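The following paragraphs lead through selected elements of one protein chain. Please keep the sequence and the coordinates at hand while reading.

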Amino acid sequence: MLDDAQSGLSWFGTLDDSVLQDTATSDTTPPDTNVGAGTFLRTYRAFLSARALLAIVMLLLLAGNWLIGNRTSAWVPVTLVYAATTLLLWLWPSQRKLRHPRQRKLSKRQALSTVGLDLLFFSVLQYVTISNVNTTALLVLPVLMAGILLPRLVSLGVAAAATINLLAEAWVQSTDLSSLTSMLTQTGLTGFGLFAIAALSSELSSRLANEERSARGSMELARQQAQLNRLVIEEMSEGVLVLDRQGCVRTANPAARRLLSSHAQTSAPPFQLRGVPAWIPLVQAIEQAMASPVQGERGQELQLLFDDQTTRDLRIRTRFTRNQSSRSAEDMCVVWLEDLRLVRARQRQDKLAAMGRMSAGIAHEIRNPLAAIAQANALLAEDATDPTQVRLTTMVKDNVNRLKHIVDDILAVSPGARPPAPVIDLIATTEQICLDWCRTQGLPASTEGVLHMDVCADRPPGEGAISVRFEPEHLQRVLINLLDNALRHGSQAPGAIEARIQYMPAAIGHGLVVLSISSDGDPITAETERSLFEPFFSTRSRGSGLGLYISRELCERHGANIDYRLHPPPLRHRNEFFITMPIESNSCSLPSA
């Protein structure tokens with residue numbers, strides 16, 4: 001880990017940042033409603049609370065009149081009935097909940113028990129109080145409530161009913177024509193105000209509903225986009241990490257979790273990046289990228305050393321997000337991880353693509369002159385009597401055969417349409433190839449021999465077969481090449497080479513099987529490992545360097561993959577070449593090794 005002095009100045013500071021997650025859910029609003037379900041419930045509860053507060057205020061006014069000696073008010077019974085009804089409705093549990101999840105407007109019962117009750121009570125109160133108390137302003141409450149929680153036509157009807165009530169009151173209270181005219185004028189202006197309140201509140205409610213629908217639609221699109229981005233990141237072959245300022249990994253796709261571990265995957269995020277000895281170079285690289293963001297975007301190369309002494313070469317690129325509302329320059333860090341072996345392999349593939357096409361054409365052109373040389377050499381060998389001539393013709397013959405072998409190897413991996421490979425029993429085919437190879441090399445095919453086979457050879461007849469789609473001749477060529485290399489570099493002791501068939505531990509449910517050839521020879525160096533599958537690369541002076549290259553091409557042609565891994569020192573067979581192949585769906589199960 002970095003020491004405390006360095007970490008105090010590091011990018012992983014003390015600012016506590018949080019990652020927001022979209023939790024929006026889709027919602028659709030019927031066209032004949034004003035507000036959404038959540039807004040409707042909050043607004044309805046607010047109106048119930050306002051009515052309850054108004055009832056309490058009116059009760060306090062009654063108590064005040066009682067204390068000052070005014071105990072003969074005609075509006076006392078009406079107020080008591082209204083207050084009791086309003087408070088009971090406010091406290092009633094069913095009135096504070098939605099009748100169904102998509103309720104957007106008042107039901108008939110709710111409308112009558114709130115808007116209808118208020119309109120009736122305030123109208124009666126006007127007639128009872130006459131001119132002692134001005135209760136006209138109270139009519140705004142039912143009109144406003146109808147404008148927000150009821151359709152526009154109904155809200156205008158409520159405003160019309162309140163206006164008619166005011167006109168009737170003016171007619172009743174007028175004593176002569178002049179007073180009637182004055183009161184009707186005042187009532188008309190009040191009625192116009194009530195209509196304006198109903199229309200404006202209904203329009204504002206509609207606009208609020210439209211904005212709410214638009215916001216919910218945008219949130220749904222954002223949620224879908226987030227899911228799409230998450231899916232793309234999960235399927236990327238390149239590792240992606242998202243870190244906060246405390247060094248906590250908030251997001252890590254499976255590729256990144258594999259690259260941060262020697263064999264399996266790390267735990268699912270969130271997890272702390274600091275504190276793991278193997279990840280110290282990665283933390284230091286992020287620190288350097290903080291000091292020089294441009295260099296971080298260009299990329300850095302580093303090596304992770306795990307507890308089992310295995311190493312992983314990585315190339316990382318970093319980007320930082322900027323927080324506009326904070327003085328801190330950077331907020332979150334996005335890290336891209338790439339396996340250098342794959343990067344170099346892609347670079348080599350790009351360089352060798354043109355060479356491969358050219359080599360295939362040259363191989364075709366070489367076959368005819370090579371056949372002529374072989375025929376001429378055979379004619380010369382028939383007349384050769386001198387030992388020197390015999391040695392020369394033999395040398396020509398050997399080199400011609402070597403060139404023919406190279407040409408055949410090149411043409412074997414050249415592109416072209418080929419019929420689909422047959423389905424074979426991997427266990428039986430592998431066992432037969434290994435036995436034939438032992439006989440060819442003159443090795444005993446027993447438990448005391450150089451080759452030890454662990455391919456479930458003792459299975460009951462007709463059971464435990466693993467069906468794969470692979471050309472038998474091609475599989476034979478791949479296995480013989482791996483066995484020859486293992487014999488050449490192994491110790492020649494009993495059990496120096498091991499052939500195994502087993503399921504991949506992390507892919508039992510994906511129909512994959514692993515065929516591996518391991519040896520106890522000296523570990524392959526890192527420099528040699530980087531060039532193992534390159535064409536024309538060989539550690540022998542007379543090797544063609546096409547064996548592993550052709551093996552890989554043949555495996556990829558059949559949907560398989562061949563690779564190499566080095567095991568830690570306690571194991572005897574440290575060098576392992578393994579082939580991962582998909583199993584046909586009609587294959588029987590094989591016990592995991």
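In this predicted model, strand β4 presents two faces: Q300, L302 and L304 lie on the covered one, whereas E301, Q303 and L305 lie on the uncovered one. The strand spans residues 300-305 and is an edge strand, pairing on one side only. Its partner is β5, with which β4 pairs in the antiparallel sense over 6 bridges. Within this pairing, Q300 stands opposite I316 of β5. The hairpin formed by β4 and β5 has 5 residues between the strands, and Q309 in that hairpin takes a positive phi near 70°.

Which strands make up the sheet, and in what order do they lie? The sheet is open and consists of 6 strands, arranged as β3-β2-β1-β6-β5-β4 with antiparallel pairing. In general, strands of a sheet pair through backbone hydrogen bonds, in either a parallel or an antiparallel manner. Besides β4, the other edge strand is β3, residues 271-272. Further inside the stated order, β1 (residues 239-243) pairs with β6 (residues 333-339) in the antiparallel sense over 5 bridges. In this pair, L243 of β1 is placed opposite C333 of β6. Helix α9, residues 280-291, packs on the sheet and touches β1, β4, β5 and β6. The direction of α9 makes about 155° with that of β4.

The next topic is the packing of helices against one another. Helix α5 (residues 140-149) and helix α7 (residues 177-235) have axes that come within 7 Å and cross at roughly 30°. Angles under 35 degrees count as roughly parallel, and α5 and α7 are therefore roughly parallel to each other. Their crossing is right-handed. On the α5 side, the contact involves V140, V143, L144, G147 and I148; on the α7 side, these meet L194, I197, A198, S201, S202 and S205. By class, the residues of this contact divide into 7 nonpolar, 4 polar and no charged. The spacing of such positions can be read against a general rule: an α-helix has 3.6 residues a turn, so residues three or four places apart point the same way.

A second helix pair is formed by α14 (residues 472-489) and α16, whose axes come within 10 Å and cross at roughly 145°. The crossing of α14 and α16 is left-handed. From α14, the residues H474, R477, V478, N481, L482 and N485 take part, and they meet G547, L548, I550, S551, L554, C555 and R557 of α16. This contact has 6 nonpolar, 5 polar and 2 charged residues.

Is helix α16 mostly covered or uncovered? Helix α16, residues 547-557, is mostly covered, with 8 of its 11 residues buried. The buried residues are L548, Y549, I550, S551, R552, E553, L554 and C555. Among them, L548, I550, S551, L554 and C555 also appear in the contact with α14. Just after the helix, G559 takes a positive phi of about 75°.

These elements belong to a chain with 16 helices and 13 strands. Of its 593 residues, 40% are buried. Among contacts between residues at least 6 apart in sequence, 68% join residues at least 24 apart.

Terms used: Residues are numbered from 1 along each chain as its sequence is written. This is a predicted model: local features need pLDDT of at least 70, side-chain atom pairs count only at pLDDT 80 or more; totals for chains, interfaces and linings use all residues. Side-chain values use heavy atoms; hydrogens and water are left out. Axes are lines fitted to C-alpha atoms, for helices over the stretch in contact, and angles run from 0 to 180 degrees between N-to-C directions. Helices (H or I, at least four residues) and strands (E, at least two) are DSSP runs, numbered from the N terminus. Angles under 35 degrees count as roughly parallel, over 145 as roughly antiparallel, 65 to 115 as roughly perpendicular and the rest as oblique. A crossing is left-handed if the near helix is turned anticlockwise from the far one by less than a right angle, and right-handed if clockwise. Contact means heavy atoms within 4.5 Å. Ala, Val, Leu, Ile, Met, Phe, Trp, Tyr, Cys and Pro count as nonpolar, Asp, Glu, Lys and Arg as charged, and the others, Gly among them, as polar. Two strands pair if DSSP finds at least two bridges between them. Buried means under 20% relative accessible area, exposed over 50%, partly exposed in between (1.4 Å probe, protein chains only).
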